[in-house]
There are 2 protein chains.
Amino acid sequence: MRDVAVIGVGMNRWGELWEKSHRQIWTEAAIEAIADAGVDHVDALYVGCMSGGLFMGQEHLGALLADQLGMGPIPGTRVESACASGGLAFRQAYLAVASGEHDIVLASGLEKMTDVDGGAATYALSTAADQEYECYHGITFPGLYALMARAHMEKYGTTREQLAMVAVKNHDNGSLNPLAQYPFKTCVEAVLSSVMVADPLHILDCSPITDGAAALILCPVELAKKLKKPVVRITASGMATDTIALSSRREITWIESTYLAAKKAYAMAGKKPEDINVIEVHDCFTIAEICVMEALGLVEKGKGGKAVEEGLTSLQGKIPINTSGGLKAKGHPVGATGVAQAIEVVKQLREEAGPRQVKGARVGLTQNMGGSGGSSIVHIFERS
Amino acid sequence: MRDVAVIGVGMNRWGELWEKSHRQIWTEAAIEAIADAGVDHVDALYVGCMSGGLFMGQEHLGALLADQLGMGPIPGTRVESACASGGLAFRQAYLAVASGEHDIVLASGLEKMTDVDGGAATYALSTAADQEYECYHGITFPGLYALMARAHMEKYGTTREQLAMVAVKNHDNGSLNPLAQYPFKTCVEAVLSSVMVADPLHILDCSPITDGAAALILCPVELAKKLKKPVVRITASGMATDTIALSSRREITWIESTYLAAKKAYAMAGKKPEDINVIEVHDCFTIAEICVMEALGLVEKGKGGKAVEEGLTSLQGKIPINTSGGLKAKGHPVGATGVAQAIEVVKQLREEAGPRQVKGARVGLTQNMGGSGGSSIVHIFERS
């Protein structure tokens, strides 16, 4: 397979974008990525979107967006893996270039979530869990992650304060990101006194409902070298699944799909956890970031909370995680999240991250996750 | 890229399967395909599903089905291109093997459409059209295809009787297919006296609402040669998009996306329309089959109706189309349709089609279409 590089990125300010339709939001990001890459066309597009049907009443997004971009008849492929839909779109775009099927490919993600009422959004998101074996009994995602948090606290002594510190760190980073939905700082006291959603998770432990899109342009490394931008290579793509229902897992504090996707990615890139300089992970809830740190092998099992408390993952720490603000502060338009993670890592490796730049970052990793870990997708990037 | 073969097929009887859940329907088809191939595992699965959210309240099907099959942690990828979702799953599975990313891949499709009421099903299907520019004004798919039919009649003199003859032919073929939802014969008079849905389309001009799944196993040709089954190669995969809204097209009787997808496929396989022995096309409405025949270059523009009338496309004709019964008689669980088309062609090339066998068929073609032609996917198959 061919070596693949990212040559362009585009993303708009995320938030409650009531004044724009889904097609406008997506097209803004796509055109910015195309302009950033300096190309005049793309050969195909991939778009991650979790539930076009339930959130927007619109499926068939591959065709619609190719049309909207004025680039029909290019193939437009929509992929879905719940909240990992963006990571999956990036992976499929990577494979399309690596295989030789296409040369210049747009990898994108989109979700417009605020045009339905709160209950309908929670229902739409719950379709990422097992409807027949989980949701039927009344549980939704805050409840599922609360179970994971409770078990982690019980088993490893993780504290509510440590959970809150994930939110505080990510909002610190998000306050430096002009595209974040909630670019404000917070503190442990504010998180712990915010409204309880599902004990032990307060609302400030949860990522928000967001409208947003993100896009990147991929091409073979040989072609990228002819362009002016720093060459950021995609050196690994790993994907794995796990039981979709939490109740079927041996151990609910351990995200096996992330462990296996990362294992494949580390092997493919020839890297170890300690080689990574900058990381974006799927912090849909604060506990998720802690569990993912452990599954990625960044810290030992059960030590995630302590590591956050010690500042290991802060912008100035040894392993900066979610420099973009993460899902927590940047927002979580589910289909776009995995794509935006890749954008942040590319910006870091290009040294274009401004006040949140990690100095000398050469190797980055993204981890995007569907449901309560039913699917995980890990990519590794390197600046040559 | 590597040469790819189909080594296994699986499909259950389609219909109104109220006694089975979506996971059961899909797993039956998947296990049959795996058994038919004689393999003991797959390395990845792709599933086409148009609207898991609106029809079943269940997204994240890649992970759910990998889990259900007992083959997690394999990557499970759900793709969507409206009614071409099955064709897209097949295409992505083909690319996954061709690229070398995976060796043995399950290509599958699923839709369970009857668990919602009739109005909700029509709404769910309408999300394949442009919600903001088409559906908002009250039109749904029978109306869109009725516009195409009216224009074809006006421009080329196509008759209501010729439309009805597509239905008659496909039900003749479907009566020979034990897996078809409606394996009965009909006649022109019955079609023309059936209830009017959208003038000139009667209900017997329309494909039904269906529950169903279908699956195939793909692997490199080199591996397929070691197995006992006849080797059926996938010699081309073409995909193209067009404007999603019918109103944006220059000419609504011409399906440009099918023309372009076929053009790519013919070039890739080194074949011409006259080289094809057996064809499955996307007859969601009778007019669709006529337009598609023209876009595939099987007959001249405007001559599709006449060709059907003359028996060119019947089981005994020169170019047998929809030997399976097509969407019309076999049923149309939208995400599974494109996969089932590939199954029919593989069965024909293996000479396993029983009473509907096309003698000596060596080259086959499938054409799967999203919406009113916003996306089209064409594959060519050859028996070596």
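Author: In this predicted model, helices and strands are DSSP runs, numbered from the N terminus.

Reader: In which loop is A:Ile203 found?

Author: Strands of chain A serve as the reference here. One is β6 (201-202) and the other is β7 (211-220), and A:Ile203 is found in the loop between β6 and β7 of chain A.

Reader: Is A:Ile203 buried, partly exposed or exposed?

Author: Buried means under 20% relative accessible area and exposed means over 50%. The relative accessible area of A:Ile203 is 43%, so this residue is partly exposed. Together with A:Val195 and A:Val197, A:Ile203 forms a nonpolar patch on the surface. As for A:Ile203 itself, the class is partly exposed.

Reader: How is α4(A) oriented relative to α14(A)?

Author: Two packed helices are described by the angle between their axes and the distance between the axes. The axes of α4 (residues 85-98) and α14 (residues 334-349) of chain A come within 5 Å and cross at roughly 55°. That angle makes α4(A) relative to α14(A) oblique.

Reader: Which residues of α14(A) meet A:Ser85, A:Gly86, A:Gly87 and A:Phe90?

Author: These four residues belong to α4(A). Their partners in α14(A) are A:Val334, A:Gly335, A:Gly338, A:Val339 and A:Ala342.

Reader: Is A:His102 buried or exposed?

Author: A:His102 lies in the loop between α4 and β4 (105-112) of chain A. Beyond four places away in sequence, its contacts include A:Arg2, A:Asp43 and B:Arg91. Because its relative accessible area is 7% and the limit is under 20%, A:His102 is buried.

Reader: What is the relative accessible area of B:Asn173?

Author: B:Asn173 is in helix α7 (residues 160-174) of chain B. Among its contacts outside four places in sequence are B:Leu315 and B:Arg356. B:Asn173 is buried, with a relative accessible area of 3%.

Notes. Residues are numbered from 1 along each chain as its sequence is written. Chains are lettered from A and ligands numbered from 1 in the order in which they are written. This is a predicted model: local features need pLDDT of at least 70, side-chain atom pairs count only at pLDDT 80 or more; totals for chains, interfaces and linings use all residues. Side-chain values use heavy atoms; hydrogens and water are left out. Patches are made of residues with over 30% relative accessible area and no salt bridge: like charges are joined within 9 Å, nonpolar side chains (Val, Leu, Ile, Met, Phe, Trp, Tyr) within 5 Å. Accessible areas come from the Shrake-Rupley method with a 1.4 Å probe; for residues, only the protein chains shown count as cover. A salt bridge is a side-chain nitrogen of Lys or Arg within 4 Å of a carboxyl oxygen of Asp or Glu. Helices (H or I, at least four residues) and strands (E, at least two) are DSSP runs, numbered from the N terminus. Buried means under 20% relative accessible area, exposed over 50%, partly exposed in between (1.4 Å probe, protein chains only). Axes are lines fitted to C-alpha atoms, for helices over the stretch in contact, and angles run from 0 to 180 degrees between N-to-C directions. Angles under 35 degrees count as roughly parallel, over 145 as roughly antiparallel, 65 to 115 as roughly perpendicular and the rest as oblique. Contact means heavy atoms within 4.5 Å.
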